[in-house]
Structures are given as structure tokens and as C-alpha cells.
Amino acid sequence: MTILNVVHIILFYIFYIPSTTFGGFNLFISLEEMNRTMGILSEMKYVENGKVNQYSTKFPYRLNSNSSHINLSWNSNVKTHPIYYSIKTVSEDLNVFPIVHIPLSGVLPLKTEQFAIEHRCTGSRAGQFLIQIHFNISWPSSQNTTYFVLKQEKICELKNIRGHYNSQDYQPRGTNSFHNSYLTPKQLLIISLTISGLVFVCIIIIIWGCLKKSHYTKSFFDSDDGHTKSSHLPFISEKLSDLNSISSCALLHHQNPAIHHYLFPNTSTPRSSIVLPQFSNYFNTPNYLKTEGDLIYENDDNHVDIEAALMNLHIDKKFITPAPFTEIEGTFGEVRFYLWQKSLTNYHGDVEDEDNCDDPDMTNDDMTVYGKTLKNNADQKQFEVFILQALTFYNVPSHPNLAKIIGAATINDLKLQNFSKKKDYPTILYKHNGFGNLKKFLIQCRSKVNANNYYIEDESTFSRTSTENCYSYNSLRTHELVSIVKQVLKAITHLHRHKVLHKDIGTRNCLVYETKFGSEERLCVQLADDSLSRDLFPSDYYCLADNDNQPIKWLPPESIITKQYTSASDVWMFGVLMWEVMSCVIEPYEKIEPEEMYSSLINGIRLQQPVNCPDELYSIMLSCWKTNYIDRPSAMDILYKLEKFSYHLSKYI
């Protein structure tokens, strides 16, 4: 073998074999771009060393409405000769027009560079549209090319159609310094029609302005922060008309039951099933500043003299008649409706005076009340816990959305040490003539046949209902669900105003009844104490290593680990209550074990947006679930936002 042959072999191994084994080209979406568009910290590799990834090219890459383009990265690994490319885009619908911000044919760069593919929403309707990007690469040779297709989906909303494009969102980068400068006939036609339409609209506006010059009326829909414009509202009239005929929860049971109700960190917020207007940025941007001094902590100022309180609330048991059935029953306690035969002079209960929650007829001698009591198998310790929890709000002034004790019915004297000996546990009475427990009420609604005759089995263990419940999830509208959570929040703000914490907020600790408002029946809700809740709703409480039952899946992380409660922890639990109401009282975090809740919350896992829950309400929920308790809004801040959202919603229902 001659020296020349040896040199040829060496050159062959140096240049040819590496270029065929490790050569080719790469096409991928970088980690930073994936994080920007999808919220995922990983790379999407379409082609690696000249080999097409058939799996990643099979599925379309989705671009949300707030992303106008996608940056692709590529490079050539072959230094011996250039690799040529050609690109072609195909859109299935004229509502989206793809633009490649590099020449449609050229040479692949040796160093990794990015180029952008922009998807402009140019049509007259919102939706989800498929775009195909065809690549033809001269690898491994110009005769044997590599051909593949990338699929992308663009979501267009009404706010970004008709050529909306944010120039700050994208600064083009590529292998060349110029872009496509020629317009297709379709583009020219669209541009011409758009300009003509704008000119026509301007003429109409000028004429209208001249006719109405003397009438300057400020739109009532302008928000206080100056962001909301009434021009947003006409786009939703058609969608919101459906809101009056479709239940907020009716579609839930048509979804896949295996779906996870969690929102993982670094993911985009799911779209609402019903399009509502973006009334103002205050739903997404905190407009409050708070320090630790603004928080309310546990204190001893709310101490209750139990014996004096029971003496003041004492009612002889012979004046109350229990209903023949149990409303809710636990292992050591039960709830029933009672008929209290009384005179007006003996009545010293709270008086409700707020709108929509009128008093029962106080002229009757008989009053229907809601009573909690212990069974004979309860012991002295359970009795003491029961009474202490029942008297939580004893020193708090009355409020129409706060359920307070109006009586404690016993047969004998009120010495605490005698209750367990004589098994004469007091029956704690609340003024209530309605549907009873809110969680039970919503479960009963869920068990009714919906509009499509799809029956959902009621898995609750409740014995029977005391009052005919004519509601179902087909009849409960979004504005009624918003009213429910708003009334609970009013009770929380009342407690916080008087420096009292609840520490166990959930639908299980609320009462619901119906009252007349004009010619209509409306639901009213009261927040109650948590007495007997651990016995009546054992699946909502979990006993960790400290042998103390806590509503772990309702608690914020700081309360799980330290058992310290503040007004910010009440706000977190109210966010979970909102999720309960909007998701048809599904168990929160049902796939997560109680022992894993703290680490899951710290890692950013949150409850997923319920079906048909408006984006504005879910944004409020997320603000309640800030990991740092200082960052959470106060109850009053949330009430302001709910009131404003409820007002705007009422204009279209």
C-alpha cells in the first residue's frame, strides 16, 4: 500500500465518516422558547443530526392567543459543503396567515440561529386553526433530500383578529437581514378591504359625532382604573345569552372523569369555556399593598365564658320538637331541624337586616330552627370541643351572612360537669328555615337529572332531605354561584373586621336558604362555625403525625406545617371554597395524598380551572393561593372585585 493510499484512507475517516454519522442538521425549539410559549422547561427536537423525530412532528404545536409567533432554531453540522433548504407554509383557513421571517429558500447556517414563523389572525371569527410548515432539506445529498412537515395550531380570539400584531412581542432574527417583501394577491385583497372598512367606519363615527356633539355621556362601564372600555362588551352578547340557559356546572359531568383538577407551575392558564369580557386588568394584577401589620392573628380577646354563654342561651327542651328524621348524622353527633314553640318576649336572637336576606315572620310563635347535638356515646372531651367551636362567634356582632347560635336547649341545669354524666348534651340552635348545609345542598343538586337526562348518582351518606330542593345544576346559573361565594365572603370580612378568624372555611360549614326578593326567589348563604364538622364530614379531614384532624386540602402551606392561622389563611381557604362551588363540590386535590399536600403546594401545584368558570373568577382564586401569605389580597379586596364582576355580569343576564 502506497503512502498516497494511506493518506486517502485517513482523510476518508476524518471527513467522510464523521459527516455521515454525526453530520446532517438540527432543527428544534429551544428551552427558552418552550418556556415562553408553553411554560415548559425542555427542548422540542424535530430533527437531530439529520434524523427526523417522527413522534414530535406528529403532533401540532399549539400557540395561544397571546403568542403571535414561534422561534425555531437550526444549524448545519456539515462543514465540507452547504446544505440547502426550502420552506412552504399551508394554512387550512384564511383566518390565519403564516409568515416566515427568512427567505423561503437558502442555505442552513453553520452556527445555531433562530428564525421566526409568525401566525397572524386575519379572519372574522375566533377559533383554533391548523398550519403546516413543509421543509425540504438537501441532506444527505441534493438527490436524496429530507422532507418533513411541522404542524402548528394557532388560537385566535376576538381581541387579536383582523391583523392584530404586537411589534414588541417579536424582534426578528435569522440568517438574513431582510424579510419577505412581496405580498400575495390574497394579502392585497385583505389589506384593501380592511382599509376600505376603516375609512367607512371613520366616516360613520365623524357623522355620528357631529350629530351627538351636544351630548357627552360618560359610559358607566368605564372602570375606576381606566382600563375597561365599553367597546369590549358587544363581542360577548351572543355568548352570554347562552349563560342564561346553560348551567355553570351542567357540562362538568360530560368531561373525562380521569382529568386531573390541578394547575402545574409554569403552565398557561386554561381557557374558560364561556367567553367573558376582560373587564379590567385588576383581575390579574394585584392593586393592593400589604404588610404583616395588616394581617389578623389569633388572639385571646375572643375568649368566651362558656357557662355564662350557655346560661344566657338556655332554652327548655320541652319547647323544641325535633323533626322525625336526621338531616346529617355522624358517629358522635347529628343535625336535625326542630320546631321551637316560643313567645316573642323570650326571643333574644340576632336580627338580620341586610338586603336579600329578610327575617322570617317574627310574628309567629313557632320558629323552624337548625339544631346540632351530641349522641349519648360522646364523652366529656368531645362535648367541650363541641361547645367551644359552637361559641366561636358568640362575641361577634350579628350579620345577615353569619349563622350565630340563638339558643342552647337542655332539660336540666347548665353545669358543664353534669352534661356528660347525665347525657343531657345541649342542642345548639341556629335560626334557619331552608335547605340546610350548603355542601349537602350542592350534592343534592348534582344528583338531579340534567337537561340531557344524564343521571349522576348521589354518593353522599345523608339520610334524606328536609326541604324539597327544586334546584339542580341546570338551574343554578353563574350569577347565582357568584352570589353564593360573595355572601360567604361578606361574613368573612365581618369576622376580620372584629379581629376574629374562622380557620375552617368550606361549603360544609355554610347554611343555605331561599328568600323572596320582589317576585323572585333568591338563595341566601350564611357562614357557620365548624362544630361537629369533623364528625359529620370525616372525609374532609385528615389526621397527620400530630394526631389532630385538620382540613389539610383546604389549608395554606404555612398552616399545614406550623398550625398558625391568620386572615391570609382564611383567604386561602375561601379560594378553595370558591373552587368547590364552581366545580360542583368535587373533592379538591383528589389525586394527592394528605401527606404530600405541603410539598405539592410549595412546588406550585394548584387546583385547575373548573369547567365553565369565568377567567376573572379563576384569577381571583389564584390570587388567594399565593404561596407567600403577604402577597394574598385581603377579604375586602376580593369582595370589591367580586362586587364589580357581579355588577358587569348582571348587565347581560
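How far apart are the end C-alpha atoms over residues 188–209, and what percentage of the chain there is helix or strand? In this predicted model, the chain over residues 188–209 is 100% helix and 0% strand, and the end C-alpha atoms of the stretch lie 31 Å apart. An unreviewed UniProt entry annotates residues 188–209 as "transmembrane region", and the annotation in that record also covers residues 6–29.

Helix α3 comprises residues 185–211 and contains Ile207. Ile207 has a relative accessibility of 46% and therefore counts as partly exposed. Ile207 also belongs to a nonpolar patch on the surface, which it forms together with Ile191, Ile195, Val199, Ile203 and Leu211. The accessible area of these residues together is about 560 Å².

Two open sheets were examined next. One open sheet consists of 6 strands in the order β3-β2-β1-β5-β9-β7, and its pairing is antiparallel. Its edge strands, β3 (51–52) and β7 (96–100), each pair on one side only. Within this sheet, strand β5 (residues 69–76) is joined to strand β9 (residues 113–121) by 6 bridges in the antiparallel sense. One residue pair involved is Ser73 with its bridge partner Gln114 in β9.

The other open sheet is formed by 5 strands, arranged in the order β4-β11-β10-β6-β8 with mixed pairing. At its edges stand β4 (61–63) and β8 (105–107), each of which pairs on one side only. From one strand to the next, the twist averages 25 degrees. Strand β4 runs parallel to strand β11 (residues 146–156), and 3 bridges join the two. Leu63 has Lys154 of β11 as its bridge partner. As a general point, side chains in a regular strand alternate between the two faces of the sheet.

Further strand pairing involves β20, β21 and β22. Strand β20 (residues 436–437) and strand β21 (residues 510–517) run antiparallel and are joined by 2 bridges; here Asn437 stands opposite Leu511 of β21. Strand β21 also pairs with strand β22 (residues 520–527), again in the antiparallel sense, through 8 bridges. In this pairing, Cys510 is positioned opposite Leu527 of β22. Strand β21 thus has antiparallel pairings with both β20 and β22.

Technical notes. Residues numbered from 1 in each chain as written. Predicted model: local features only at pLDDT ≥ 70, side-chain atom pairs only at ≥ 80, totals over all residues. Heavy atoms only, no water. UniProt positions renumbered as here; feature names shortened; annotations may be inferred. Helix = DSSP H or I, 4+ residues; strand = E, 2+ residues; numbered from the N terminus. Patch = residues over 30% accessible without salt bridge, like charges linked within 9 Å, V, L, I, M, F, W, Y side chains within 5 Å. Areas by Shrake-Rupley, 256 points an atom, 1.4 Å probe, with all protein chains shown as cover. Salt bridge = Lys/Arg side-chain N within 4 Å of Asp/Glu carboxyl O. Buried < 20%, exposed > 50% of the residue type's maximum accessible area, 1.4 Å probe, protein only. Pairing = 2+ DSSP bridges. Axes fitted to C-alpha atoms, helices over the stretch in contact; angles between N-to-C directions.
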